[in-house]
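I opened the notebook to record a short series of look-ups in one structure. The entries follow the order in which I made them.

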Amino acid sequence: MMKKTQLSMERFYKRKATVDLSSPSKRGGSGSGSTNELGELASSLPTEVKRLKESDAVNLLTDVELANLPSDPGLRKPIMDYHPNVRNQVRRAYLQNGPCQPKNHKFPNSWKGRKFNHSWFKAHEYWLEYNISKDRVYCLCCYLFKSSGANNFADEGFCTWSKKSRLQVHVGDINSAHNEARKACEDLLDEKVHIDTALVKQTDETRRQYGIRLRASIQIVRILLRQGLAFRGNDEGDDSANRGNFLEILAWLGNINVEDLQPYIMENAPKNLKLTSPDVQKDITSAFSFEIIAAIIRDVGDSFFSILVDESKDISSKEQMAIVLRYVKEGRVIERFVGIEHVATTTALSLKKTIANFFSRHNLSFSQLRGQGYDGSNNMKGEYNGLKKLILDENESAYFIHCFAHQLQLAVVNVAKKDPEIKDLFSLVTCVTNVVGGSPKRLEILRKIKGAEISEALSNNELETGRGLNQESNLKRAADTRWGSHQNTLISLINLYSAVMGVLRSVSKDKTSDKRFEARGILVHMKLYNFAFRLHLMKNIMGVTNDLSESLQRKDQDIVNAMKLVRICKTRLQEMRDNGWNDLLSEVSSFCEQHKIKVVCMNDSSLGKGRAKRNVQENSNEHKYRIGIFNAVIDLQLRELNDRFTETTTELLLCVACLCPSDSFAAFDKDKLKRLAEFYPKDFYEIDIVLLDGQLQNYIMDVRTSTEFSSLNGITDLARKMVETKKDKVYSKVYLLLTLTLILPVATASVERLFSAMKILKTLLRNRMGDEWLNDCLLVC
């Protein structure tokens, strides 16, 4: 990986001229007085200041981001527009990336009915490249080393598809302009003919020592990236007690390898070849990320894929957009993080442009796209101007699936906001976490009380001992955007109930505490049966939804199994409503007895003792808790799930469900699967659907009578088994339907994990990390 061009730091320390000396028209008015005065001023300025403006201009012209060069010929600027100092670096970067050849693109017919043939890429793989927007081909070699005179393949492009022979005419004989340009490209990539290499004749010993230092630096970079640690220290001087992770590890390696490493590193290395500078560290990391991306793109190849996209702010309040590719390889679903891009705005147009630039740089095509997975924000899933709509305009087969895990979280949060009883519960829980967890002093009291309880229980043989048991715990806070956090909050409060009550009593008696009266009010409510009932009810409901949430976040989860899991979740909630009342009462009563809370008699009146109230219907406590809270909350949760998961009723996913192999392929429906193929008109032409009809009949008879396919659980297992038994070649159309189904995204959990890693890497102390450096670190770690 070549070293990236950096801005010279020299210009940041020079005093900038306040007068533009380069243009006479800007040095003054038409009067000779002002001109003479400025002329005398110019002659009195030091030579360095006179050259400052020219030096700044050169620095700006040579500031080229080689990693972001557009690969599409239609987006490039002429090679001669680059500054001479970086022109060869730009050429080398284009040659290393290779020509733009979107092999999976559906090439359009011209007005004469002819079109570009993708097999020409193979015949001229070194130089031929295609521009999608203009439907023309160009020559990469002639673009990089264009000779004088007109050249259609370097300037306007070639599109006369009926004259294939023109491609060979362009190549010409051995002395043609094209072959001269190709020879120049080969020489540029051959280090042996570089003038830099020719000027520096290194001995074998020098090369060996260089290799030792380079390998040591590479290994240290790998360790630091994998652990997410900073490279540099606050003071890296020779007198510093801590020179930063990179230099300290290198020195440690030298100390334990006195003979093999220490004589060639640090102060023993040439001052201009220590390979420890930040630029070298970034170059090594960039080389890692380049190879990783190249390997992923090669793995995707010409296959179909879907994208998972989300944006989030980093610690420096810059919007970062993460991109994950989901594709199928040999029957296995793979999700790979491929890059994080800084976006100035989060509008749909801005996100679409960033994705298009990313595709262009890595020779990916929108024609390969078969799915989109985002959260529910308007800029993502908007029907008219959202990112979903903009990509569907590019490719009608790139179907959008709203993240299932995000929908589930919204359904849980909405229950906590809509039902008055549950809303009050979570408001009270929030007050508890604020009072108890808002002070280190109170947390210390909480730990002491809980520790004393555990010690007493252990002495009475009421608790088991063992590794991982009886660990120190704390109250956890709930957050609307953290999946599963609500259930963790309720479980921690149940486990720490006695200790929390002890802290609240301590605070309520503390006359100096500003939380004294708030603690008294919380104590009153937490001693009530109503609180214990609601606490355990929501803990059980969220236990069901949390199981679904964790299953949806698996990387290899498929859309058919996700729909099945949603149905199971609804069934469990309905089962709880019908048969779970007595179990809940027993659980709440046991909790109340343990913590000396008065248990309510379900046969008593819900109005309590005393004089009867006018116009108030008298009901039993069982009616209040079972009908008014238990059934009402579960019904609300079921309604939210039905409203949120509307995708499960769409025609596309109903057809997809027919591929499920469970119960001897009981869901198989030939007509629905043929309808599923019609959703992908670019992959199934009319003749393909006719062939699919026959394949489906043979396929279902084959797999139902085969013992190898009798115990499969989902379409992921089915795809793997078809690859193992080579039936993906026999029933290629059916396997293509399976692949398109597996590509459909289920959840954006991979993107969310990436943002968690970003918070570990780009911290408050490292808030000045550049976007490219951040991207490289995330790709490698």
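The entries below cover a sheet, a loop residue beside it and two residues of another loop.

**Entry 1: the model.** I noted at the outset that this is a predicted model.

**Entry 2: the sheet.** I asked in what order the strands of the sheet run. I found 5 strands forming an open sheet in the order S5-S4-S3-S6-S7, with mixed pairing. I then looked up the edge strands, which are strand S5 (332-342) and strand S7 (399-402), each of them pairing on one side only. For the twist, I recorded an average of 25° from one strand to the next.

**Entry 3: the pairing of S4 and S5.** I looked up the sense in which these two strands pair. S4 and S5 are antiparallel, and I recorded 10 bridges for the pair. As a point of reference on S5, I wrote down Phe-337, which stands opposite Val-324.

**Entry 4: the helix on the sheet.** I asked which strands helix H33 (residues 749-761) touches. Helix H33 packs on the sheet and is in contact with S3, S4 and S5. Its direction makes about 40° with that of S3.

**Entry 5: Asp-314.** I located Asp-314 in the loop that joins strand S3 (305-313) to strand S4 (319-329). Is Asp-314 buried or exposed? I classed Asp-314 as buried because its relative accessible area is 8%, and the cut-off for buried is under 20%. I next looked for a polar partner and found that a polar atom of the Asp-314 side chain lies 2.9 Å from the backbone nitrogen of Lys-318. Leaving aside residues up to four places away in sequence, I listed Gln-320, Met-758 and Lys-762 as residues that Asp-314 touches.

**Entry 6: Met-266.** I turned to the loop between helix H11 (245-256) and helix H12 (278-300), where Met-266 is found. Met-266 is not a glycine, yet I read a positive phi of about 55° for this residue. Its relative accessible area is 11%, so I entered Met-266 as buried.

**Entry 7: Leu-275.** I placed Leu-275 in the loop between H11 and H12. What is the sign of phi at Leu-275? I recorded a positive value of about 60°, although Leu-275 is not a glycine. I entered Leu-275 as buried because its relative accessibility is 11%.

Definitions and conventions
Residues numbered from 1 in each chain as written. Predicted model: local features only at pLDDT ≥ 70, side-chain atom pairs only at ≥ 80, totals over all residues. Heavy atoms only, no water. Helix = DSSP H or I, 4+ residues; strand = E, 2+ residues; numbered from the N terminus. Buried < 20%, exposed > 50% of the residue type's maximum accessible area, 1.4 Å probe, protein only. Polar contact = N/O pair within 3.5 Å; in protein donor to acceptor, adjacent residues only side chain to side chain. Contact = heavy atoms within 4.5 Å. Pairing = 2+ DSSP bridges. Axes fitted to C-alpha atoms, helices over the stretch in contact; angles between N-to-C directions.
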